[in-house]
Amino acid sequence: MTAESATGPRQDSELIAESLSRPEVFGELFDRYFKVLSRYAVRRLGVEAAEDVVGETFLVAFSRRQHYDLSYDDARPWLFGIVTKLIARHRRTEAARYRALERSPAERDVAGPADRVAAEVTAKAAGSLLARALGELARRDRDVLLLVAWGDLTYAEVAQALDISVGTVGSRLNRARRRVREFLGDLELVEERHG
Amino acid sequence: MDELKMLRDFGDRLDHGPEARSARQRRRLREVIEQEALARRRFGRRRVMIAGGATAALAAGAAVVLVMTPTSEIGGNPPPAQAEAVEVLDHAAAATPAQPPPRGDQYVFLETREVQQVTSVSGGKVTNRFPRSHTRTWLSVDGTRDGLSRSVIGRGTALEAWTRADCRATKPRDTVVHDPWIARPPSPARTFTQDCPPRPAYRATLPTDPGHMREYLYRNSHGNNPPDVQAFITVGDLLRTSMLPSKARAAMFKAATRIPGIAFVPHARDAAGRPGVAAALTHDGIRNELIFDPRTFAFLGERQVLVAPNDKTSLGLKPGTVLESTAVLRTAITDRPGQRP
């Protein structure tokens, strides 16, 4: 039995290792990461589908924990990889999510000074175009893009999460950014009209 | 234009909506964790391991065999056994019915109920739960055939496990969890092969003489408790996981009367809620009870009660709490695994 360390919270890898013989310890990983995984999943799927998907992520992680590479202290990439793969099974929910965001992205009160209105209009327009762009991306490119933009993972972490090379991360990210830029090209017209 | 920054800002705005709630998802995880903790405990507590079970697969290394010496031979003055406790065990020895021995190709059927104590720690908060299970187990009489265990745990989760007679454990076959929450079955795991002799569930070769049986109990008790306590626990293990010929069973109860420090408990209950009297041995603040029917002295089950502060108290468990309990509802012989007697 591992003695509790007096020097602060334990590494994820230590928790996972201990959970192999004391499964109840795995709950600590849920408490550490539910929120951050939810933020990512809610953005992609909306809150209802996201709750179940994040819950499922921890069930899958628990059932696969004996395969976790304990040389990685930080379990975040592993967990983000699982949730991303589960999101891939909710293709239609994600597509519907982006379509809905296209129509009314994060509505906010736009009454106010002209420059604020302009900024709001631009933000709304940008959101709408971004939502459309995300819906149009190839799934693999979108996964990499959003793990970076919404998951805050580094290239190396994305590579670990998706079990691909760092080079592949780079090329998918570049392709995704190019496509998004194409969609946002229309935005300059909006800025000109209101700026 | 930095499209990554714009995406990040877009994402931040999306966060202004309703947040995901964790309570239900936390519960889903807890149930799955408890199922596994229960499966482990069934197959590998500090008590008996059924060969090939999930925990046997996970434990690496060879089993260490310790030869236990009864405490009274080492020295010190353990308290004398209470007369009433001896009486209970004597009655139990007299109450064992004679049965014809089964055939080697048949199965020992055991139906049990269990209540376990599971502690989970999250965010510094300690929660104690007491999941209940109802199990039917079929074990090969001569130990050469695969056995089967079926449990219903908690709110109706069914667990089925095969115990391999040749001691190989393959996880997907050993634990098949029928639970709607798990989208796909556990991924295939490594296969472990262990050297182990067949474990007959009908213990035809156990001593029938109390003196030799006492030696057997001490020699074959493994665990972290002192020898007397471990031998006492072994009595419960044998009754819960095997069938003893009636003479050996009687010898076992007689042998237990000679464990120093056993005490009488007038009011006890097994995991099925059946009231009984018990012979008990207390160690490190935990009272281990063997419970018997107050009229017939048939063996009912076991119980562990926290009676004094110990390291369990730091988990928020108070003295008086029943930690774990078992109930042996039925033992019988069947021709096939899965067949109800």
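Chain A of this predicted model has a mean pLDDT of 86, and 83% of its residues reach 70 or more. Confidence within chain A is lowest in helix H10 (residues 187-194), where the mean is 52. It is highest in helix H7 of chain A (residues 139-149), at 97. At the start of the chain, residues 1-5 of chain A have a pLDDT below 50, and this stretch has three contacts in the model beyond near neighbours in sequence.

Chain B averages a pLDDT of 77, with 71% of the residues scoring at least 70. Two stretches of chain B call for attention. Over residues 43-76 of chain B the pLDDT is below 50, and beyond near neighbours in sequence the stretch has 72 contacts in the model. Residues 166-195 of chain B also have a pLDDT below 50, with 70 contacts beyond near neighbours in sequence. Where pLDDT is low, the predicted coordinates should not be read in detail. For the model, the scores are ipTM 0.87 and pTM 0.51.

Now to the helices. Two packed helices are described by the angle between their axes and the distance between the axes.

In chain A, begin with helix H1 (residues 12-21) and helix H2. H1(A) and H2(A) pack at an angle of about 150 degrees, and their axes are 9 Å apart. From H1(A), the residues A:Asp12, A:Leu15 and A:Ile16 meet A:Glu28, A:Leu29, A:Arg32 and A:Tyr33 of H2(A). By class, this contact has four nonpolar, no polar and three charged residues.

Helix H2 of chain A (residues 27-45) also takes part in a salt bridge, through A:Arg39. The side chain of A:Arg39 meets that of A:Asp152, at 3.3 Å from N to O. A:Asp152 lies in the loop between H7 and H8 of chain A, so the pair ties together parts that are 113 residues apart in sequence. Over all chains, the count comes to 37 salt bridges.

After that loop, consider helix H8 of chain A (residues 155-162) together with helix H4 of chain A (residues 76-88). The axes of H4(A) and H8(A) come within 8 Å and cross at roughly 55 degrees. That angle makes H4(A) oblique to H8(A), and the crossing is right-handed. On the H4(A) side the contact is made by A:Arg76, A:Pro77, A:Trp78, A:Gly81, A:Thr84 and A:Lys85. On the H8(A) side, A:Glu157, A:Gln160, A:Ala161 and A:Leu162 take part. The contact of H4(A) with H8(A) has four nonpolar, three polar and three charged residues.

Chain B offers another helix pair. Helix H7 of chain B (residues 210-219) and helix H9 of chain B (residues 246-257) pack at an angle of about 75 degrees, with axes 8 Å apart. This makes H7(B) roughly perpendicular to H9(B). In H7(B), B:Pro210, B:Met213, B:Arg214 and B:Leu217 meet B:Ala248, B:Ala251, B:Met252, B:Lys254 and B:Ala255 of H9(B). The residues of this contact divide into seven nonpolar, no polar and two charged.

Methods. Residues numbered from 1 in each chain as written. Chains lettered and ligands numbered in written order. Predicted model: local features only at pLDDT ≥ 70, side-chain atom pairs only at ≥ 80, totals over all residues. Heavy atoms only, no water. Axes fitted to C-alpha atoms, helices over the stretch in contact; angles between N-to-C directions. Helix = DSSP H or I, 4+ residues; strand = E, 2+ residues; numbered from the N terminus. Parallel < 35°, antiparallel > 145°, perpendicular 65-115°, else oblique. Left-handed = near helix turned anticlockwise from the far one by under 90°. Contact = heavy atoms within 4.5 Å. Nonpolar A, V, L, I, M, F, W, Y, C, P; charged D, E, K, R; others polar. pLDDT = per-residue confidence, 0-100. Salt bridge = Lys/Arg side-chain N within 4 Å of Asp/Glu carboxyl O.
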